[in-house]
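Trainee: I would like to learn how to read a model like this one, feature by feature. Could you start me off with the basic vocabulary?

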Amino acid sequence: MLSCLVTKAQMVIGGRALCLDTVTNTLFATVPENMFGHDAMLQVVKDQGWQQVDIDGTDIINGTFLFSGISAERKWAVTATKADSTQLNATLQFTFLPIVQLLPAEGDSQFSNEYQRGMVLFSHPDSATTDTLTARIKWRGGTTNATNKHKRNYKLNFDEDHRFFGLRNDDKWMLDAGQPDVFRLRNRIAMDLWNKMARKPYYADQEPKTLNGVRGDIVELFLGNEWRGIYNLSEFIDRKQLKLKKIDDKTGIIRGCLYKGVSWNKTKMFDIFDSYDNSKDTFYGYEFKYPELGDDSDTIDWAPLIAANNFVRESDDDEFEQHVSEYFDMPVLMDYNIFYNVVNAVDNAGKNMYWAIYDKTSTKQLTPTPWDLDATFGQRWGGRLVYEIDEGFYNSPEFRLDFELMLTYRLFRDNFNDYVGQLNERYRQLRLPGQPLHTDSIISIVTRYYQAVKNSGAAKREEEKWSQDTDVWGDIIDFDTEYIYICDWIRRRMEFIDVTELPLFYKKSYFDELGVRMPTSHFQSPTSQIYNLKGQRMEDSIQLKPGIYIKCGKKFIK
């Protein structure tokens with residue numbers, strides 16, 4: 001049996017184990033939300049070794065206790081005593097959010113970049129038990145996983161498949177900290193919006209259970225005996241989620257492929273790829289996610305992704321218009337373009353997005369999927385300090401997103417196959433009352449999560465724990481203020497797109513002003529040149545003023 005280091009919770013209330021936060025000397029229990037605002041007689045079971053437990057001075061003898069007026073603010077004094085006179089004095093608080101506790105194996109003080117054995121205790125308020133699960137656990141993330149970061153993301157690889165929140169039954173789950181986000185929940189909110197508005201991939205008739213996005217819900221996380229905050233317990237984007245075809249067992253032929261953009265290094269389709277190496281799972285800013293090299297297969301196949309990229313870059317106008325739908329899942333791409341604009345996903349073009357092929361033996365169509373959506377709804381990407389030069393520019397609700405993917409740029413510039421007209425019609429449908437992009441519909445998603453963290457008390461705990469931390473660049477975390485800001489930002493953003501953004505897409509002169517021209521061959525590619533954030537070419541790179549620019553498809557700061 002796996003041995004883990006943890007101070008015992010002293011008791012179980014309502015079938016769910018308590019978690020002790022030794023930083024604040026507080027015990028936490030989760031109960032159903034409908035108990036808040038009411039009295040509740042709950043069963044109390046002492047853990048082995050504790051002879052006596054008192055709650056507000058009442059000795060728990062008959063195994064039950066009447067908790068009067070349960071709320072996020074109400075606290076009870078708890079005293080627990082062992083036979084050797086060891087005593088614990090703490091306060092008890094309730095939440096109605098699920099509680100997850102990660103316990104490192106004995107001998108390990110914490111988790112790291114490498115998988116380590118551990119236990120995961122999961123208490124759901126609507127369940128009368130606490131699940132005890134064994135897993136391999138590690139940190140996850142790119143820039144959020146630097147050595148100076150504090151509120152970590154975690155990847156959980158359970159020994160057996162497990163189902164959370166009635167979602168998929170799988171052994172791989174993620175705990176997303178919302179580390180750079182002062183609202184902590186933008187990633188979850190934006191992905192919920194995508195799941196509501198996006199059309200199914202082109203192969204949905206063959207795979208009706210395909211999910212082109214991830215689902216999840218918020219929890220409160222304990223790392224050992226320390227409360228670590230609000231987290232999003234989420235599914236992963238992978239072959240199983242997208243229902244891509246597995247490798248053929250008999251022939252070993254690769255069928256489904258999944259690629260991820262992990263940086264801006266040539267993932268925006270502005271460059272030509274001359275060669276690739278199927279023995280390496282990374283390639284110019286892309287990472288091969290399925291099949292996994294070494295685990296699923298001894299080789300991978302970059303060819304479909306490279307072919308699509310080079311088609312976008314090299315095809316003439318007639319060829320592009322005639323064949324673009326053979327390379328890309330156009331309805332989903334259209335929804336991605338709309339979504340990208342609505343949430344102002346400044347960090348999600350090329351980078352932080354997946355491209356999937358259902359079965360490359362029968363099709364070459366790539367379906368896009370968004371990922372890592374912290375920098376949305378007016379949140380800066382990269383942090384406040386990075387953009388002191390031009391504060392408020394990127395996160396403005398009136399910010400006009402550049403056409404950072406060459407694919408998108410070409411579709412809009414020449415309106416191939418009436419792409420802009422179709423997109424406009426799709427957008428107008430989604431904006432109708434009751435539809436996903438109606439302003440009230442978007443705000444309702446934000447409101448649901450805000451009320452959950454606010455009314456459970458988790459928001460106050462998060463504010464006290466993480467305000468002014470370097471993870472958020474010294475910002476104050478204030479959920480009330482941020483909720484008002486996000487709702488106002490959404491209203492202004494949607495009005496801006498309605499009145500300004502979409503009508504502008506019809507004007508070809510706008511694209512002429514961008515200054516980007518399609519080269520006649522890749523030898524004339526302008527991507528070594530420097531552009532400003534409007535896509536205008538900077539003639540004299542030596543005389544650049546301080547600001548943000550693009551070179552080789554990648555942003556840099558002067």
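Mentor: Gladly. Buried means under 20% relative accessible area, exposed means over 50%, and partly exposed is in between (1.4 Å probe, protein chains only). Please keep in mind that this is a predicted model, in which local features need pLDDT of at least 70, side-chain atom pairs count only at pLDDT 80 or more, and totals for chains, interfaces and linings use all residues. Residues are numbered from 1 along each chain as its sequence is written, and side-chain values use heavy atoms, with hydrogens and water left out.

Trainee: How much of the chain counts as buried?

Mentor: Of its 558 residues, 57% are buried. The accessible surface, computed by the Shrake-Rupley method with a 1.4 Å probe (for residues, only the protein chains shown count as cover), is about 23600 Å², and carbon and sulfur atoms hold 47% of that.

Trainee: How many helices and strands does the chain have?

Mentor: Helices (H or I, at least four residues) and strands (E, at least two) are DSSP runs, numbered from the N terminus. Here they come to 11 helices and 25 strands. For contacts, meaning heavy atoms within 4.5 Å, take those with a separation of 6 or more: 65% of them are between residues 24 or more positions apart.

Trainee: Why is helix H6 described as largely enclosed?

Mentor: Helix H6 spans residues 406-414, and 8 of its 9 residues are buried, so the rest of the structure largely encloses this helix. Among the buried residues are Met406, Tyr409, Arg410 and Phe412. Just after H6, Asn415 has a positive phi of about 50 degrees.

Trainee: What should I make of a positive phi?

Mentor: Most residues other than glycine have a negative phi, and most peptide bonds are trans. Asn25, which is not a glycine, has a positive phi of about 55 degrees. Asn25 sits in the loop between strand E3 (19-21) and strand E4 (26-30), and is partly exposed at 32% relative accessible area. Asn344 also has a positive phi of about 55 degrees; its place is the loop between helix H5 (330-342) and E21, where Asn344 is buried at 3% relative accessibility.

Trainee: Which residues are joined by a cis peptide bond?

Mentor: Tyr290 and Pro291, with omega at about -5 degrees. Pro291 belongs to the loop between E20 and H3.

Trainee: How many salt bridges are there in the whole structure?

Mentor: A salt bridge is a side-chain nitrogen of Lys or Arg within 4 Å of a carboxyl oxygen of Asp or Glu. The search finds 29 of them. In one, Glu462 and Lys151 meet with N to O at 2.7 Å. This pair links distant parts of the chain, 311 residues apart: Glu462 is in helix H9 (residues 458-466), and Lys151 is in the loop between E13 and strand E14 (153-163). Glu462 is buried at 0% relative accessible area, and Lys151 is buried at 0% as well.

Trainee: What about a salt bridge inside one helix?

Mentor: An α-helix has 3.6 residues a turn, so residues three or four places apart point the same way. Asp192 and Arg188 are 4 residues apart in helix H1 (residues 186-197), about one helical turn. Their closest N and O atoms are 3.0 Å apart in a salt bridge. Asp192 is buried at 13% relative accessible area, and Arg188 is buried at 1%.

Trainee: Which side chain of opposite charge is nearest to Arg140?

Mentor: For charges, Lys and Arg count as positive and Asp and Glu as negative, while His and the chain ends are not counted. The nearest is Asp176, 5.8 Å away, and Arg140 is buried yet has no salt bridge. Arg140 lies in strand E13 (residues 130-140). Setting aside residues up to four places away in sequence, its contacts include Asn145, Tyr154, Phe236 and Trp371.

Trainee: Where does Asp54 lie, and which residues does Asp54 contact beyond its neighbours within four places in sequence?

Mentor: Asp54 lies in strand E6 (residues 50-55) and is buried at 16% relative accessibility. Beyond those neighbours, Asp54 is in contact with Asp59, Ile60, Ala77, Val78 and Thr79. The C-alpha atoms of Asp54 and Thr81 are 8.8 Å apart, with their positions 27 residues apart along the chain.
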